[in-house]
Amino acid sequence: MVKGVLGGKNFVKFLTISPLYVMIEPWWKICENRHICRACRMEGSMMKAIYPGSFDPVTNGHLDIIQRAANVVDELVIAVLVNRDKKPLFTMEERMDMIREATKELPNISVKSFTGLTVDFARENGAKVMVRGLRAVTDFESEMQIAQTNHSIEPGIETIFFTTSLEYSFLSSTIVKEIAHYGSNVSKLVPPVVEEAFRRKFDHSLHGTTV
């Protein structure tokens with residue numbers, strides 16, 4: 001079912017696949033200001049959301065989702081996962097510090113780490129919404145399964161999908177790490193704080209053409 005909500009002179013469309021919400025058009029580009037965005041989804045109420053992930057490291061694709069979500073919700077918690085099955089390139093503290101630096105201009109952002117189930121973290125932090133990004137159709141199948149599982153565990157928590165902006169549709173932390181490892185330019189793929197962290201981590205200058 002496709003729903004439309006008037007925001008000023010613009011028409012905001014989103015697709016509802018219960019219990020999921022998929023953004024077809026990013027509200028932050030359509031609505032005139034954040035007040036209208038909030039009014040579009042829920043008049044007179046506060047919305048707190050979490051955006052979970054490993055963020056090893058945070059990329060411009062992540063920041064695209066963060067900035068857009070921050071314009072839709074009142075408070076956004078960036079939830080950095082402690083995944084004991086993976087060996088991250090950056091420590092938890094490094095990842096959290098890089099996110100804080102990259103999002104310091106966004107007043108309604110906080111950064112926390114967590115272990116265990118994402119729905120448990122959301123519940124403990126009073127969040128009713130989980131934000132996820134979709135890069136391609138292939139992402140949707142697995143993300144939909146996770147979202148439906150989360151909803152079966154905690155029906156009071158919904159998942160909102162934001163489609164990644166076209167210029168970041170190929171981008172992932174894994175790809176960025178590989179490019180940086182071989183010394184190629186990642187300045188268009190990650191925020192400056194991450195680019196500098198790569199220089200220190202790999203002990204070389206990043207050069208060449210950005211892929």
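**Entry 1: Ile78**

I started with the neighbours of Ile78. Leaving out residues up to four places away in sequence, I find that Ile78 touches Tyr51, Phe55, Ile66, Ile99, Ile109, Ser110, Val111 and Lys112. I note here that the model is a predicted one. I then looked up the nonpolar cores. The largest has 38 residues, and Ile78 is among those touching the most other members, together with Tyr51, Leu76, Val131, Val186 and Phe198. Helix α3 supplies the largest share of this core, five residues. A second core of ten residues is separate, and I list Ala79, Phe114, Val119 and Phe121 among its members. In soluble globular proteins, nonpolar side chains tend to be buried together.

**Entry 2: strand β5 and its partners**

Next I went through β5, residues 75-81. Five of the seven residues in this strand are buried, so I record β5 as mostly covered. I checked both pairings of the strand. With β4, residues 48-53, β5 pairs in the parallel sense over six bridges. Ala49 is the residue opposite Leu76 of β5 in that pairing. Between β4 and β5 the chain passes through α3, residues 60-70, in a right-handed β-α-β crossover.

With β6, residues 109-114, the pairing of β5 is parallel too and has six bridges. Here I find Ile109 of β6 as the bridge partner of Leu76. A right-handed β-α-β unit is made by β5, helix α4 (residues 92-102) and β6.

**Entry 3: helix α3**

How many of the residues of α3 are buried? I count ten of eleven, so the helix is largely enclosed by the rest of the structure. The buried set includes Leu63, Ile65, Ile66, Ala69 and Ala70, and also His62, Asp64 and Arg68. At the start of the helix I looked at Thr59: one of its side-chain oxygens comes to within 3.2 Å of the backbone nitrogen of Gly61.

**Entry 4: Thr103**

I followed α4 to the loop between α4 and β6, where Thr103 sits. Is Thr103 buried or exposed? Its relative accessible area is 4%, and the limit for buried is under 20%, so I enter Thr103 as buried. The Thr103 side chain reaches the backbone oxygen of Ile99 at 2.7 Å. Beyond four places in sequence, Thr103 touches Leu63, Ile66 and Ile109. Ile66 and Ile109 are also in the contact list of Ile78.

**Entry 5: salt bridges**

I counted 13 salt bridges. Side chains of opposite charge can pair when their charged atoms come close. I looked up three of the pairs.

The first is Asp56 with Lys177, at 3.0 Å from N to O. Asp56 is in the loop between β4 and α3 and Lys177 is in helix α7 (residues 173-181), so the pair links distant parts of the chain, 121 residues apart. Asp56 counts as buried because its relative accessibility is 6%, and buried means under 20%. Lys177 has a relative accessible area of 21% and is partly exposed.

The second is Arg123 with Glu154, also 3.0 Å from N to O. Arg123 belongs to helix α5 (residues 118-124) and Glu154 to the loop between α6 (137-153) and β8 (158-163), so this bridge ties together parts 31 residues apart in sequence. I have Arg123 as partly exposed, with a relative accessible area of 42%.

The third is Glu195 with Arg199, at 3.3 Å from N to O. Both residues lie in helix α8 (residues 192-202), four residues apart, about one turn of the helix. At 12% relative accessibility Glu195 counts as buried, whereas Arg199, at 29%, counts as partly exposed. I also find Glu195 and Arg199 in a network of salt bridges with Glu196 and Arg200.

**Entry 6: whole chain**

Last, I took the totals. The chain has eight helices and eight strands. Of the 211 residues, 47% are buried. For contacts between residues at least 6 apart in sequence, I get 67% joining residues at least 24 apart.

Definitions and conventions:
Residues numbered from 1 in each chain as written. Predicted model: local features only at pLDDT ≥ 70, side-chain atom pairs only at ≥ 80, totals over all residues. Heavy atoms only, no water. Buried < 20%, exposed > 50% of the residue type's maximum accessible area, 1.4 Å probe, protein only. Helix = DSSP H or I, 4+ residues; strand = E, 2+ residues; numbered from the N terminus. Pairing = 2+ DSSP bridges. Right-handed = clockwise from strand over helix to strand, strands pointing away. Polar contact = N/O pair within 3.5 Å; in protein donor to acceptor, adjacent residues only side chain to side chain. Core = buried A, V, L, I, M, F, W, Y, C linked by side-chain atoms within 4.5 Å. Contact = heavy atoms within 4.5 Å. Salt bridge = Lys/Arg side-chain N within 4 Å of Asp/Glu carboxyl O.
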